[in-house]
Amino acid sequence: MSASEIITGTIPASSGSGGRLDKALAEASGLSRARVQALIEEGRVEVAGRIAASASAKLAADTPFRITVPPAAEAAAAPEDIPLTI
């Protein structure tokens, strides 16, 4: 099992200045907007040192952020007994 990935940075001027948090973080981090929204809901996103409460929050440019991306869950494949007629 690998460790969580930490993504840090600041909101660029092109994304900030009253824009939505999820959209700005997606552009700044390279994650999808849906993934950023899920991480915000899980409490894994900090903006200016505080846990982000809403994906639709507005923010200013040059605001620092930190995203903790958990490791991917391992997929477990299991065989199924499926009747086949050949």
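**Close-up views of a predicted model**

**View 1. Ile67 and its bridge partners.** Within strand S6, Ile67 is the bridge partner of Ile7. Ile67 also serves as the S6 bridge partner of Val45. The model shown here is predicted. Ile7 and Ile67 both return in the view of Ser29, where each is among the contacts of that serine.

**View 2. The four-stranded sheet.** Four strands make an open sheet, ordered S1-S6-S3-S4, with antiparallel pairing. The edges are held by S1 and strand S4 (50-51); each has a single partner strand, so one side of each has no neighbour in the sheet. Strand S1 (residues 5-10) pairs with S6 over six bridges, in the antiparallel sense. S3 also runs antiparallel to S6, and this pairing spans three bridges. In general, the strands of a sheet pair through backbone hydrogen bonds, either parallel or antiparallel.

**View 3. Two helices on the sheet.** H1 lies across S1, S3 and S6 and runs at about 75° to S6. H2 packs on the sheet too, where it touches S3 and S6; its direction makes about 90° with that of S6. S3 and S6 thus appear in the contacts of H1 and in those of H2.

**View 4. The H1-H2 crossing.** Two packed helices are described by the angle between their axes and the distance between the axes. Here the axes of H1 and H2 come within 8 Å and cross at roughly 115°. The crossing is right-handed. From H1, the residues Leu21, Asp22, Lys23, Leu25, Ala26 and Ser29 take part. They meet Arg33, Val36, Gln37 and Ile40 of H2.

**View 5. The buried and exposed faces of H2.** Helix H2 (residues 33-41) has Val36, Leu39 and Ile40 as its buried residues. They span an arc of only 105° around the axis, so they sit on the same side of H2. An α-helix has 3.6 residues a turn, so residues three or four places apart point the same way. The buried residues of H2 pack against H1, strand S3 (45-47) and strand S6 (64-69). On the face turned away from the buried side are the exposed residues Ala34 and Glu41. Just after H2 comes Gly43, with a positive phi of about 75°.

**View 6. Ser29 in helix H1.** Ser29 belongs to helix H1 (residues 21-29). Its relative accessible area is 18%, and because buried means under 20%, Ser29 counts as buried. The Ser29 side chain reaches the backbone oxygen of Leu25 at 2.7 Å. A polar atom of that side chain also lies 3.2 Å from the backbone nitrogen of Leu31. Beyond its neighbours within four places in sequence, Ser29 is in contact with Ile7, Val36 and Ile67. Of these contacts, Val36 is one of the buried residues of H2, while Ile7 and Ile67 are bridge partners.

**View 7. Pro64 in strand S6.** Pro64 has its place in strand S6. With a relative accessibility of 44%, Pro64 is partly exposed. Leaving out residues up to four places away in sequence, Pro64 touches Gly9, Thr10, Glu46, Val47 and Ala48. Ala34 serves as a distance marker: from Pro64 to Ala34 the separation is 30 residues in sequence and 20 Å in space, C-alpha to C-alpha. Ala34 is one of the exposed residues on the face of H2 turned away from its buried side.

Methods: Residues are numbered from 1 along each chain as its sequence is written. This is a predicted model: local features need pLDDT of at least 70, side-chain atom pairs count only at pLDDT 80 or more; totals for chains, interfaces and linings use all residues. Side-chain values use heavy atoms; hydrogens and water are left out. Buried means under 20% relative accessible area, exposed over 50%, partly exposed in between (1.4 Å probe, protein chains only). A polar contact is a pair of N or O atoms within 3.5 Å; within protein, one must be able to donate a hydrogen and the other to accept it, and residues adjacent in sequence count only if both atoms are side-chain atoms. Contact means heavy atoms within 4.5 Å. The arc is that of the directions from the helix axis to the C-beta atoms. Two strands pair if DSSP finds at least two bridges between them. Axes are lines fitted to C-alpha atoms, for helices over the stretch in contact, and angles run from 0 to 180 degrees between N-to-C directions. A crossing is left-handed if the near helix is turned anticlockwise from the far one by less than a right angle, and right-handed if clockwise.
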